[in-house]
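Work through the exercises below with the sequence and the structure in view. Try each task before reading its solution.

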Amino acid sequence: MSAEAISATHLEVDPSAMSRALNDLGWVGVDPDAPEVRAKREYLQANNGIRGLEICQPAEVERAARIFRRDGFVVVRDALTPGQLAFLQSGVDRVVHEMMALDKERVGNRGSHRYSFGGASKTGHLMHHPEWTQLIDLPTVTPILTAIFGARDYVLRGGGGDFCLPGAVEYQPLHSDMADRTIIPLPDGREFIHGSFKDHRGILTYRDLPVPYIACNFLTVDVTEINGGTRQIPGTQHARDPIPSLEEEPEWMKLSTVCPAPAGSVLIRDVRAWHGGTPNLSDHVRAIPNVEFFAPWYRERAPRSMPREMYETLTPHGQDLARYIVADSAETLSFGYRRNLGYTPVSSMARAKDA
Ligand SMILES: [Fe+2]
């Protein structure tokens, strides 16, 4: 990946964003009733979604772990109580409003109308928000993560997640959230080190390892055929094949969306599995905040993103998980949003061919 692999776009502020309802923040410069949008909506309504999607209950720990190992992801319903879900929705409402106040044209940082929460945040994470830190050690999810990793001493990397506004009409290209160690020069002259695993013999890649890195994305709305759910390609977590571009991607993959799935569910993902965003042609925001974990034996450089006051509110196990990202007692972290809401990685740009 080169410096051209990352783009920074100048965004315009939106003074009206804070006074608008959450679900009125989309469809900027895109007509929801345009004939091609209507046609795409009808097509997705009729065809989108993984046939026979298996959804587990929280108590089905072994089943969830088995499906995760087979497919590279698993959905578990009722991961959040109604109270936890409402609290998470309120956090999403606040952060989405604050971000939209910085992007009038809805340029996005993962394509038009499409955003990474973490990518927009100065720390790269949202571990300074209690709505996000409540997700770290849930009685519904911790046993499943423990079963998948095989031990309780896994590590919290941080958390953010993503959202798309209604009016995100394009697909996000399929991608993996991990790579073998790559050093990416940033436009400001610094370097971004992506990944940590590198076999100098050229024998093993990160794709050959047991699961090193898991993201738990929580559904804050019912994910439907038309509101921009994540498409996941089952069984690709170990695949070494090149990931298809949008032009190369077969139609069945474009329709391999994790839906329908109810609000309050968690989508537990091996981040290596091929996945991407899909169009949100609905009338509401689809947000899936997340927390992310490394296996007990795997490390990547992760910034300290959690203030000590927040750490003090966690369970003992949550504190153990957060041991590498909590700030020193003498340290003051800088919060807020990155200029222009960060960068758009090339893997999220609509393009015909990989760069
Ligand atoms: Fe991703």
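The radius of gyration used here is taken over C-alpha atoms, and the globule rule is 2.2 Å times the number of residues to the power 0.38. The model is predicted.

**Exercise 1. Overall form**

Task: Find out whether the radius of gyration of the chain agrees or disagrees with that of a compact globule.

Solution.
Step 1. For 355 residues, the rule gives a compact globule a radius of gyration near 20 Å.
Step 2. The chain has 19 Å, which agrees with the rule.
Step 3. Along the principal axes, the C-alpha atoms fill a box of roughly 55 × 45 × 45 Å.
Step 4. The chain is built with 9 helices and 14 strands, and 56% of its 355 residues count as buried.

**Exercise 2. The iron site**

Task: State which residues coordinate the iron ion and where its two histidines lie.

Solution.
Step 1. The iron ion is coordinated at 2.2 Å by NE2 of His-175, OD of Asp-177 and NE2 of His-275.
Step 2. Along the chain, these donors follow the spacing H-x1-D-x97-H.
Step 3. His-175 belongs to the loop between strand 6 (161-164) and strand 7 (182-185), while His-275 is in strand 12 (residues 275-277). The pair therefore ties together parts that are 100 residues apart in sequence.
Step 4. Buried means under 20% relative accessible area. His-175 has 8%, so it is buried. His-275 has 5%, so it is buried too.

**Exercise 3. Two cysteines**

Task: Explain why Cys-164 and Cys-259 do not form a bond.

Solution.
Step 1. A disulfide is a covalent bond between the sulfur atoms of two cysteines. The cut-off for counting one is a sulfur pair within 2.5 Å.
Step 2. The closest cysteine sulfur to that of Cys-164 is in Cys-259, 12 Å away, which is too far for a bond.
Step 3. Cys-259 is likewise in no disulfide, with the sulfur of Cys-164 as its nearest cysteine sulfur. The structure holds 0 disulfides.
Step 4. Both side chains can also be placed by accessibility: Cys-164 is buried at 0% relative accessible area, and Cys-259 is buried at 1%.

**Exercise 4. Empty space**

Task: Describe the largest cavity and the second largest pocket by volume and lining.

Solution.
Step 1. Rolling a probe the size of a water molecule over the atoms shows where empty space is left.
Step 2. The count is 2 cavities of 30 Å³ or more, and the largest cavity holds about 60 Å³ of space.
Step 3. Leu-219, Val-223, Gly-229, Thr-230, Val-258, Ala-261, Leu-267 and Ile-288 line the largest cavity. This lining has 6 nonpolar residues, 2 polar and no charged.
Step 4. The second largest pocket has about 180 Å³ of space. Its lining has 14 residues, and nearest its centre lie Phe-68, Arg-69, Ile-148, Pro-210 and Val-211.
Step 5. Helix 2 (61-71) and helix 6 (142-149) are the elements that give two or more residues to the lining of this pocket. By type, the lining of the second largest pocket divides into 8 nonpolar, 3 polar and 3 charged.

**Exercise 5. One residue in a loop**

Task: Decide whether Met-18 is buried or exposed, and locate it in the chain.

Solution.
Step 1. Met-18 sits in the loop between strand 1 (6-7) and helix 1 (35-47).
Step 2. The cut-off for exposed is over 50%. Met-18 has a relative accessible area of 51%, so it is exposed.
Step 3. Arg-94 is 76 residues from Met-18 along the chain, and their C-alpha atoms are separated by 8.9 Å.

Notes: Residues numbered from 1 in each chain as written. Predicted model: local features only at pLDDT ≥ 70, side-chain atom pairs only at ≥ 80, totals over all residues. Heavy atoms only, no water. Buried < 20%, exposed > 50% of the residue type's maximum accessible area, 1.4 Å probe, protein only. 1 Å grid on protein atoms, 1.4 Å probe; cavity = no way out; pocket = protein on both sides within 12 Å on 5 of 7 lines; lining within 4 Å. Points joined across faces, edges and corners; volume = space filled by probe spheres on them. Nonpolar A, V, L, I, M, F, W, Y, C, P; charged D, E, K, R; others polar. Helix = DSSP H or I, 4+ residues; strand = E, 2+ residues; numbered from the N terminus. Donors = N, O, S within 2.8 Å, 3.2 Å for Na, K, Ca; no water.
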